[in-house]
Amino acid sequence: MKASNYIVMEFLSRSVNEGFARSAVAAFAAQLDPTLEEIGDIKTAVSEAVTNAIVHAYPDTLGKVVVRARILEGGILEVTVRDWGRGIADVAKAREPLFTTGGAERSGMGFTIMESFMDTLRVTSKEGQGTKVVMRRRIAQRAGR
């Protein structure tokens with residue numbers, strides 16, 4: 001699918017960068033004139049995806065995280081979060097609610113939250129090579145625009 005506009009951000013896997021990524025994607029998505037609820041959903045999903053990359057991909061070191069957002073035909077926002085960390089051994093298991101490798105302080109709901117706030121969620125990963133999360137959300141045209 002051809003993109004009419006896109007942005008790409010690269011940053012270190014520091015927790016302070018999660019808020020930046022969330023806000024940058026929300027600002028980019030604003031060109032689709034989403035509702036406040038839609039923006040909130042997008043920000044939450046991006047926050048979960050970036051936090052997963054920071055916490056799980058690089059638990060003992062700093063690494064690179066890349067976030068790409070694209071506007072696709074039909075008012076679709078696509079957000080990709082990519083890392084080159086340790087990867088996920090079993091993606092299907094990791095997508096189960098309450099499953100976590102992050103310790104007792106983690107809820108294990110990241111993928112479930114992303115899936116509930118976005119229209120589609122695709123996760124690909126290879127151990128030792130990293131993970132890619134691709135999320136899409138259609139922003140409906142509102143009357144009077």
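This section describes the sheet, the helices packed on it and selected residue environments in a predicted model.

The model contains an open sheet of five strands, arranged in the order E1-E2-E3-E5-E4 with antiparallel pairing. Strands E1 and E4 occupy the edges and have a single partner strand each, so one side of each is left without a neighbour in the sheet. On average, and with direction ignored, neighbouring strands of this sheet are turned by 10 degrees against each other.

Within the sheet, strands E2 (64-72) and E3 (76-83) run antiparallel and are joined by eight bridges. Two facing positions illustrate this pairing: Arg70 has Glu78 in E3 as its bridge partner, and Ala69 stands opposite Val79 in E3. The two strands form a hairpin with three residues between them, and Gly74 in the turn adopts a positive phi of about 80 degrees. Strand E3 also pairs with E5, again in the antiparallel sense and over eight bridges. In this pairing, Val81 is found opposite Val133 in E5. Seven of the eight residues of E3 are buried, so this strand is largely enclosed by the rest of the structure.

A further hairpin is formed by E4 and E5, with three residues between the strands; here Gly128 takes a positive phi near 80 degrees. Strand E5 comprises residues 130-138 and runs antiparallel to E4, to which seven bridges join it. Val133 in E5 stands opposite Val123, and Val133 is also the residue opposite Val81. In regular strands, side chains alternate between the two faces of the sheet. The two faces of E4 (residues 120-126) differ in their environment: Leu121, Val123 and Ser125 make up a covered face, whereas Thr120, Arg122, Thr124 and Lys126 make up an uncovered one.

Two helices were examined for their placement relative to the strands. Helix H1 lies across E1, E2 and E3, and runs at about 170 degrees to E1. Helix H2 packs on the sheet through contacts with E1, E2, E3 and E5, and its direction makes about 175 degrees with that of E5. The buried residues of H1 (residues 16-29) are Asn17, Glu18, Gly19, Ala21, Ala24, Val25, Ala26, Phe28 and Ala29. The elements that cover these residues include strand E1 (3-12), helix H2 (36-57) and strands E2 and E3.

Contacts between individual residues link H1 with H2. Arg22, located in helix H1, counts as partly exposed at 26% relative accessibility. Excluding residues up to four places away in sequence, Arg22 touches Lys43, Val46 and Ser47. The C-alpha atoms of Arg22 and Lys43 are separated by 5.2 Å, although these residues are 21 residues apart along the chain. Ser47, a residue of helix H2, is buried, with a relative accessible area of 14%. With the same exclusion of residues up to four places away in sequence, the contacts of Ser47 are Glu18 and Arg22.

The largest nonpolar core consists of 35 residues, of which Val67, Leu77, Val79 and Met135 touch the most other members. At least two residues of this core are supplied by each of E1, H1, H2, E2, E3, helix H4 (110-117), E4 and E5. Helix H2 provides the largest share, nine residues. The surroundings of Met135 were examined without counting residues up to four places away in sequence; its contacts include Ala45, Val46 and Ala49, together with Leu77, Glu78 and Val79. Met114, Met118, Thr120 and Leu121 are likewise touched by Met135.

Ring interactions were also searched. Zero aromatic pairs were found in the whole structure. Lys64, however, lies over the face of Trp84, at 4.5 Å from the ring centre.

How values were computed. Residues numbered from 1 in each chain as written. Predicted model: local features only at pLDDT ≥ 70, side-chain atom pairs only at ≥ 80, totals over all residues. Heavy atoms only, no water. Buried < 20%, exposed > 50% of the residue type's maximum accessible area, 1.4 Å probe, protein only. Helix = DSSP H or I, 4+ residues; strand = E, 2+ residues; numbered from the N terminus. Pairing = 2+ DSSP bridges. Contact = heavy atoms within 4.5 Å. Core = buried A, V, L, I, M, F, W, Y, C linked by side-chain atoms within 4.5 Å. Phe/Tyr/Trp six-rings, centres within 6.5 Å; stacked < 30°, edge-to-face > 60°. Lys NZ or Arg CZ within 6 Å of the ring centre and 35° of its normal. Axes fitted to C-alpha atoms, helices over the stretch in contact; angles between N-to-C directions.
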